[in-house]
Amino acid sequence: MFRNLKITCDQATTICDKNQYSEASIKDKIRLYIHLILCRICVKYTKQNTTLSNLYKGHAQYCKDVKHCLSAKDREDLKASLEKNKE
Amino acid sequence: MEEKHALTPNQWIDNYADYLYNFTISRVNNSDLAKDLLQETFLAGLKSAKNFQGKATERTWLVSILKRKIIDHYRKINSKKGQAEVRIDFYDDGENKGSWIEERVPQNWDNASEKQIEREELRNQLGACIDKLPEKYAMVFRMKTVQEFETEEICKELGITSSNLWVMIHRARIQLRKCMEDNWFNN
């Protein structure tokens, strides 16, 4: 029974990453927590991963606030290209 | 009776160019590539205008063409040999399969304080680390983490399975973690 719950560091960190988006299943979380009892390296990874997720959230917010616009020249070039292909 | 939408190609640039440009750049993060994909989309729209049935709005129809262009681009980069070369952090065979490789083990971070998360320098470093990722990893990471798309939506848009997506996210995050560790937290 417990053999199914044993996972490698690679699998544990994959679940940990998935969990950062709240998309790990309950079974995966149990497997992760059992692994974390036994593996200090993955405990460190998990803590640092939470720090990084906060950093990524800040970055995401910043990116959402930035709006990209085409320059007037880009627009003219696009219009010219469309006109040319209409003919 | 349901209203039928009509196409107005003369208005496309004025009405949709900025919206579609933003849509594209958030996925490919390269302004030149985004402009190319945008141009290809409008041209493809012109070519297939006769197939437009008017069931969807003009913008929705153009977005669906653009999505196809982005998928084509994604498939191209996905098939490039060497593009996805990744430094492995875990043993991939033998009795240690799946365990951390010693020199890739996470190091202690001396300066991982919450305060630094708001600093511009830190954001620039993060941007530089994301840019170093293989293109397909960067794209999936951005869509999931920065643009906050649903897993299902990304899989549908890029034609990948959810397992593939999580492997890519995992590899992207592992590489980003290492990059940030080397260039920020322990620098």
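Why is H1(A) largely enclosed by the rest of the structure? Of its 11 residues, 8 are buried, so the rest of the structure largely encloses this helix. Here a residue is buried if 20 or more other C-beta atoms lie within 10 Å of its own, exposed if 12 or fewer, and partly exposed in between, with C-beta atoms placed from the backbone.

Before going on, note that this is a predicted model, in which local features need pLDDT of at least 70 and side-chain atom pairs count only at pLDDT 80 or more, while totals for chains, interfaces and linings use all residues. Residues are numbered from 1 along each chain as its sequence is written, and chains are lettered from A and ligands numbered from 1 in the order in which they are written.

**Stop 1: chain A**

Select chain A. It has 4 helices and 0 strands. Helices (H or I, at least four residues) and strands (E, at least two) are DSSP runs, numbered from the N terminus. The pattern along the sequence reads α-α-α-α. The radius of gyration is 23 Å, well over the 12 Å that the globule rule gives for 87 residues, so chain A is more spread out than a compact globule. That radius is taken over C-alpha atoms, and the rule is 2.2 Å times the number of residues to the power 0.38. Along its principal axes, the C-alpha trace of chain A spans about 70 × 30 × 20 Å. Of the 87 residues in chain A, 23% are buried.

Now colour H1(A). Its buried residues are Cys9(A), Ala12(A), Thr13(A), Thr14(A), Ile15(A), Cys16(A), Asp17(A) and Lys18(A). What do the buried residues of H1(A) pack against? They pack against H2 and H3 of chain A together with H7 of chain B.

**Stop 2: Ser22(A) and Lys86(A)**

Move to Ser22(A). This residue sits in the loop between helix H1 (9-19) and helix H2 (26-38) of chain A. Its phi is positive, about 55°, although it is not a glycine. Most residues other than glycine have a negative phi. Ser22(A) counts as exposed because it has 6 C-beta neighbours inside 10 Å.

Next, pick Lys86(A) in helix H4 (residues 72-86) of chain A. Lys86(A) has 11 C-beta neighbours inside 10 Å, so it counts as exposed. Draw a distance from its C-alpha atom to that of Thr14(A): the two are separated by 50 Å, and the residues are 72 apart along the chain.

**Stop 3: chain B and its domains**

Switch to chain B. It has 7 helices and 0 strands, in the order α-α-α-α-α-α-α. Of its 187 residues, 30% count as buried.

Select domain 1 (9-82) and domain 2 (112-185) of chain B. These bounds come from an automatic or database domain assignment. The C-alpha centres of the two domains of chain B lie 24 Å apart. Between them, 9 residues of domain 1 are in contact with 10 residues of domain 2; a contact means C-beta atoms, placed from the backbone, within 7 Å. On the domain 1 side, H1 and H3 of chain B each supply at least two residues. H3(B) gives the most to that side, with 5 residues.

**Stop 4: where the chains meet**

Show both chains. Here 39 residues of chain B are in contact with 36 residues of chain A. The elements giving two or more residues to the chain B side are helix H1 (12-28), helix H2 (31-47), helix H4 (120-132), helix H5 (135-146) and helix H7 (162-185) of chain B. That side divides into 23 nonpolar, 7 polar and 9 charged residues. Ala, Val, Leu, Ile, Met, Phe, Trp, Tyr, Cys and Pro count as nonpolar, Asp, Glu, Lys and Arg as charged, and the others, Gly among them, as polar.

**Stop 5: the cores**

Which residues have the most contacts inside the largest nonpolar core? They are Ala17(B), Leu20(B), Leu38(B), Val140(B), Phe141(B) and Ala172(B), in a core of 42 residues. A nonpolar core is a set of buried Ala, Val, Leu, Ile, Met, Phe, Trp, Tyr and Cys residues joined through C-beta atoms within 7 Å. Domain 1 (9-82) and domain 2 (112-185) of chain B both give residues to this core, so it lies between them.

Zoom in on Leu38(B). Not counting residues up to four places away in sequence, Leu38(B) touches Leu78(A), Ala17(B), Leu20(B), Tyr21(B) and Thr24(B). Finish at another core, which lies apart from the largest and has 8 residues, among them Cys9(A), Ala12(A), Cys16(A) and Trp100(B).

Key
Contact = placed C-beta atoms within 7 Å.
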